[in-house]
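Subject: Structure handover

Hi,

Here is the structure I promised to pass on. Please load it first; my notes follow below.

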Amino acid sequence: MNKDFIEIRWHGRGGQGAITAAKIVAGAAFISGYEGVVMAPTFGTERRGAPVMTSLKISKKKIYDLSPIEIPDIVVVLDHLLLKEADVTHGLKPGGIIVLNTPKPYESYHFKDYRLATADITAISVEAGLPHGMVNTGIIGSLERATNLLGIDILIKGIEEEFSTRKPGKNSLAAKIAFERTVAGG
Amino acid sequence: MGTRNYRRKTSHSEHGPGDGGRTGSWRVERPVFDQSLCIPCKRNKETCFICWLFCPETVISRTIPPKVDLEYCKGCGICAEECPTKAITMVDEAKFSEEEDKE
Amino acid sequence: MHIIENGNVAAALGVKLCRANVIAAYPITPQTPLTERLSEYVESGEMKAEYIPVESEHSAMAVCIAASSAGARAFTATSANGLLYMHEQIQWASGARLPIVMCVVNRAVGAPWNVWNDQQDSISQRDIGWIQIYCSDHQQIIDTVIKAFWIAEKVSIPIMVCYDGYILSHTYMPFDLPGQEEVDAFLPPFKPEYALNPETPANLNTVTLPDVRLDVQGELAHGYMEIRYLLQEELRTTLNVAAEAEKRFAEIFGRGSDPYIEPYRCDDADYVAVGLGSITYQLRVCVDALRKEGIKVGVMGVRFYRPFPDAAIANALKGKKGVIVFEKALSYGYEGALASDLKSALYEHLAGSGVLPFVQNFILGIGGREIRTDDLTQALRTATQGRVSTEPTWIGLKL
């Protein structure tokens, strides 16, 4: 993976916090020296529960192109049921990474040409003390495990700052557990 | 003669009779006060003054009795319309002689 | 300090730093998060301002007019049909010379109903005596809001700060958040020439006669025509004030640029793409790609659209073979308004020189139609081979 310019597409559901997750990664990338960070949600009406996408571009240089991501390096899927509703691998580069929150075993998925990373973020988050369905911080741990993008410490710091008034410890714990337990293919 | 040096760049007019010109000559009917009905006159108290408030030319004084500056009163009759005790009557200008005007 | 936020928040932070006294707004997509954020600042006490929720955009502007007349620094924001609903009141604001600042979060206008980005809303309000400035990223949004209050109050003319709906309003990117002390140093408290005051009552903008007249003090006062002439005259000299603002801003904040236009790789270019807002930044990527192919092309963003910096624009386009205008709006029945304005400026300043560049007009992104960078590059490449059409050419049309 070219680490000078990385495009990550997030698939979630309205209200699931994909934007916040992408924002945390964006912030961590910026302080890690990526001058260009652009994060854009799906444009239009936002509805709770409906499939949504968020795109995150990070670059060593200022980004002038704000058009949607067409060929992502990484896709992050916050709900495995979205695989049935959305074409999550659309445009994904060969050898690209899929980070998937799923209760199913890693072996039950077969993505040709792509590298898959899975974790049961929903269960991990509950284990960390978060309410059921809060998965947007845990998934960051999986993303880091699968991509080795920015280092887990800076992401944990970003999570604790973003959630400074809303259970920072439990949110960062979810990411830490997910980082440990994510199963990632080579 | 131009207005290049006029101090304002907007349409701004200040409170005071004469902003619309010497409008007294427009008058066809003149407001006449009946002091037996006028509230400030009856009570000898600074109150009511609805006529003063509503006059679009600001030519009615806030005094007992209220006085009309006939130089600028255009005779619109709003004071008579608004007076809560019907103390103001609009009277045909022709009924006043030039002598009376000078008083 | 750099923060990562969306464009609406950048605008809201700018308004907060400028210590606006009165905010009156009606929510409309994609402006809503901006006014929501401002109402939160006021509610929490972070911002000492009067937030007046109104029942319509027409009322929002009416409240701003009243507040500004009373000497308050007033702000509002809107989009699309909300702006159109204000149409009567916004002209009142400029005629009354009130330095209101309004963010226009550019969105397509109905019918048919559409909440996505184009620039038909603010372009349709081009001729109403407001200053219009277009932003291409979040740094420009927050900086322009701050500069806008200074310029508006200096010349007593209201300003629209325009930025693309969603593409900028909902997209997050890093920008430098100016400090309160610096903003206070740049922008002194608003001191109007006259503010409504019960001690010195006055009639403002009542029936104003065709001819000049004597005022109460016996001084010869303007008629309607003089007042309108002064608006035009001072809009034109606002270009100088904008340059002054840019200089002052650079001194205090350490960043500045050409106040009117934003040229990129234009100096040795034979062809220059021109546009308003975020499209001009996307075009930079296309320019870089075409430069690698050996095509001498540049791009110029027009930041100040009204007053139109015709001399600066013509100067920047002097000696070019072609000018390629990308627009997200048009004057229906003719062509893009910016294309017409550019032709006018080129004719005015270069007609005698013997070399007038051709002007190719592309219309794109209408109603949020996605603008793929590859398509944009292809359009630009084609236009550098010669003018495509005398009529505006629509990109991405699926007819």
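First, a definition: two strands pair if DSSP finds at least two bridges between them. Helices (H or I, at least four residues) and strands (E, at least two) are DSSP runs, numbered from the N terminus.

This is a predicted model, in which local features need pLDDT of at least 70, side-chain atom pairs count only at pLDDT 80 or more, and totals for chains, interfaces and linings use all residues. Residues are numbered from 1 along each chain as its sequence is written, chains are lettered from A and ligands numbered from 1 in the order in which they are written, and side-chain values use heavy atoms, with hydrogens and water left out.

**The sheet in chain C**

Strand E6 of chain C covers residues 131-134. E6(C) pairs with E15(C) in the antiparallel sense, over two bridges. Within that pairing, C:Gln132 sits opposite C:Arg306 of E15(C). Both strands belong to an open sheet of seven, ordered E3-E2-E4-E5-E7-E6-E15 in chain C, with mixed pairing. Its edges are strand E3 (50-53) and strand E15 (304-306) of chain C, each paired on one side only. On average, neighbouring strands of this sheet are turned by 20° against each other, direction ignored. Axes here are lines fitted to C-alpha atoms, for helices over the stretch in contact, and angles run from 0 to 180 degrees between N-to-C directions.

**Two domains in chain C**

Chain C splits into domain 1 (2-186) and domain 2 (261-394); such bounds come from an automatic or database domain assignment. Over C-alpha atoms, the centres of the two domains are 27 Å apart. The contact (heavy atoms within 4.5 Å) takes 25 residues from domain 1 and 23 residues from domain 2 of chain C.

Together the domains bury about 1900 Å², 52% of it on carbon and sulfur atoms. Buried area is the accessible area (1.4 Å probe) that two parts lose on being put together, summed over both. On the domain 1 side, C:Arg126, C:Tyr134 and C:Ser136 lose the most area to domain 2, together 27% of what that side buries.

Two salt bridges are counted between the domains. The term means a side-chain nitrogen of Lys or Arg within 4 Å of a carboxyl oxygen of Asp or Glu. There are also 16 residue pairs in polar contact, both at pLDDT 80 or more. A polar contact is a pair of N or O atoms within 3.5 Å; within protein, one must be able to donate a hydrogen and the other to accept it, and residues adjacent in sequence count only if both atoms are side-chain atoms. On the side of domain 1 that touches domain 2, helix H6 (120-123), E6 and helix H7 (138-155) of chain C give two or more residues each.

**Chain C against chain A**

Each chain gives 22 residues to this contact. The buried area is about 1900 Å², with 65% from carbon and sulfur atoms. C:Ile4, C:Tyr166 and C:Tyr172 supply 28% of the area that chain C buries here, more than any other three residues.

Three salt bridges are counted between chain C and chain A. C:Glu5 and A:Lys23 meet in a salt bridge at 3.2 Å, N to O. Eight residue pairs are in polar contact across the interface, both at pLDDT 80 or more. H10(C) gives the most to the side of chain C that touches chain A, with four residues.

**The other chain pairs**

Of the two pairs of chains that touch, B and C have the most contacts. No contact joins chain A and chain B; their closest C-alpha atoms lie 42 Å apart.

Best wishes
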